[in-house]
Structure formats: structure tokens, C-alpha cells
Amino acid sequence: YGWSGFVLANDVVIDTATGERRPTGLPAGCDVLTTRSGPETGFRVAVQCEESAELWFVDHAGVAIREGVYPAPPPAYRTSYEAALAGDGTLVQIAREIGESEDTIIERTIEGRSEVMYTEASEPAVKIHGSSLVTGP
């Protein structure tokens, strides 16, 4: 998905008008957690590298610029299978407290905030199990 006829597919920006494929400058060895159409000139991409999660901006030419590093998840939590980016670059992820089975939603920003937004442990009537995350503007 994207703006102005450009699509980000894994590590390639595709011009849908010409079919041209432009490799991105995203770091090798990092896994893409989630992507979002960014400003009209590109995409925002959250990646998980060996030591940290990072936020990158990829323009339509494939040039990648690191915007920042996310802090670690809150203590005693590990991230899970689902992630989404908010319009401001906030990374929202499903996580679990180590040793527990209740799902939790955490939020991390490149400004250094890392906190639990929701946990099934305190709100057991709403279960996340297998759900996807959606963020707004």
C-alpha cells in the first residue's frame, strides 16, 4: 500500500505506473515488524534488529533514513506476533508478561516511552487472542 502510485513490498519500493522496483536501504539482518504509509513521499517502517527495534523512513526512491530507536518493552514483558504503527511513529505491539498467559498491548515511542496500554490481567472481559492491531491517524 502507499501514496502516489508507490508500494512498499518487503524491502522493495515499487512504482505501480512503470513496474520499476527500487531496493530500500533498510538495514540487512533486521526483520520488518510493521509498515505504514508515511508522509506522501514515502513509508514508515518499524524493524527489529538484533539489539533493538528501530523506526525508519523510506522514500519513494528507496532511500532509508533511521528516525530513531525504540526503548525496550516494559520490564518483564516480551513482544509477540502483532505490531502496528500509529501516524506519529508510535509502535503498538501485543506482548505477554514473562511467565503469564494473558495478552497485553504495549506502546513504545522513539522519544523513550514504553508502557502497558492494556492487559487482560486487569480487564479479563476483553480478550485479544489472535486479534490484529489497528491504529488511527
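**Strands, hairpins and a cavity in an all-strand chain**

Strands β9 and β10 form a hairpin with 5 residues between them, and G99, which sits in the turn, has a positive phi of about 85°. This description, like the rest of the passage, refers to a predicted model. The two strands of the hairpin run antiparallel and are joined by 6 bridges. Within this pairing, I94 stands opposite I105 of β10. Strand β9 covers residues 91-97, and 5 of its 7 residues are buried, so the strand is largely enclosed by the rest of the structure.

Strand β10 also takes part in a second hairpin. Strand β10 (residues 103-108) pairs with strand β11 (residues 114-119) in the antiparallel sense, over 5 bridges. One of the residue pairs in this arrangement is T104 with its bridge partner T119 in β11. Between β10 and β11 the hairpin has 5 residues, and G112 takes a positive phi near 110°. Strands of a sheet pair through backbone hydrogen bonds, either parallel or antiparallel.

The protein chain as a whole contains 0 helices and 11 strands. Read from the N terminus, the order of elements is accordingly β-β-β-β-β-β-β-β-β-β-β. The protein chain has 137 residues, of which 43% are buried. Of the contacts between residues at least 6 apart in sequence, 40% join residues at least 24 apart.

Two open sheets are described next. One has 3 strands in the order β1-β2-β3, with antiparallel pairing. Strands β1 (6-9) and β3 (21-23) stand at the edges of this sheet; each has a single partner strand, so one side of each is left without a neighbour in the sheet. Neighbouring strands in the sheet are turned against each other by 25° on average, direction ignored. Strand β2, made up of residues 12-15, runs antiparallel to β3 and is joined to β3 by 3 bridges. Here I14 has R21 of β3 as its bridge partner.

The other open sheet consists of 4 strands in the order β4-β5-β6-β7, and its pairing is antiparallel. Its edge strands are β4 (31-37) and β7 (64-69), each of which pairs on one side only. From one strand to the next, the twist averages 25°. Strand β5 (residues 42-48) runs antiparallel to β4, and 6 bridges join the two. Among the residues paired in this way is D31, whose bridge partner in β5 is Q48. In a regular strand the side chains alternate between the two faces of the sheet.

Two residues illustrate the surroundings of a loop position and a strand position. T24 is found in the loop that lies between β3 and β4. With a relative accessibility of 14%, T24 counts as buried because the limit for that class is under 20%. When neighbours within four places in sequence are left aside, T24 is in contact with L8, D11, V12, V13, V58 and G62.

R44, by contrast with the loop position of T24, lies in strand β5. R44 is buried as well, and its relative accessible area is 17%. Not counting residues up to four places away in sequence, R44 touches T34, T35, R36, G38, L55, W56, F57, E67, L85, G87, D88 and G89. One of these contacts, G89, is 45 residues from R44 along the chain, and the C-alpha atoms of the two are separated by 7.4 Å.

Enclosed space was examined last. Rolling a probe the size of a water molecule over the atoms shows where empty space is left. The count comes to 1 cavity of 30 Å³ or more. The space in the largest cavity is about 30 Å³. Its lining is formed by Y77, E97, E100, E102, T104, T119 and A121. By class, the lining has 2 nonpolar, 2 polar and 3 charged residues. The lining residues T104 and T119 are also the bridge partners noted above for β10 and β11.

Terms used. Residues are numbered from 1 along each chain as its sequence is written. This is a predicted model: local features need pLDDT of at least 70, side-chain atom pairs count only at pLDDT 80 or more; totals for chains, interfaces and linings use all residues. Side-chain values use heavy atoms; hydrogens and water are left out. On a 1 Å grid over the protein atoms alone, a cavity is a set of points where a 1.4 Å probe fits but cannot get out, and a pocket is an open set with protein on both sides within 12 Å along at least five of seven lines; lining residues have an atom within 4 Å of a point. Grid points are joined across faces, edges and corners, and a volume is the space filled by probe spheres set on the points. Ala, Val, Leu, Ile, Met, Phe, Trp, Tyr, Cys and Pro count as nonpolar, Asp, Glu, Lys and Arg as charged, and the others, Gly among them, as polar. Two strands pair if DSSP finds at least two bridges between them. Axes are lines fitted to C-alpha atoms, for helices over the stretch in contact, and angles run from 0 to 180 degrees between N-to-C directions. Buried means under 20% relative accessible area, exposed over 50%, partly exposed in between (1.4 Å probe, protein chains only). Contact means heavy atoms within 4.5 Å.
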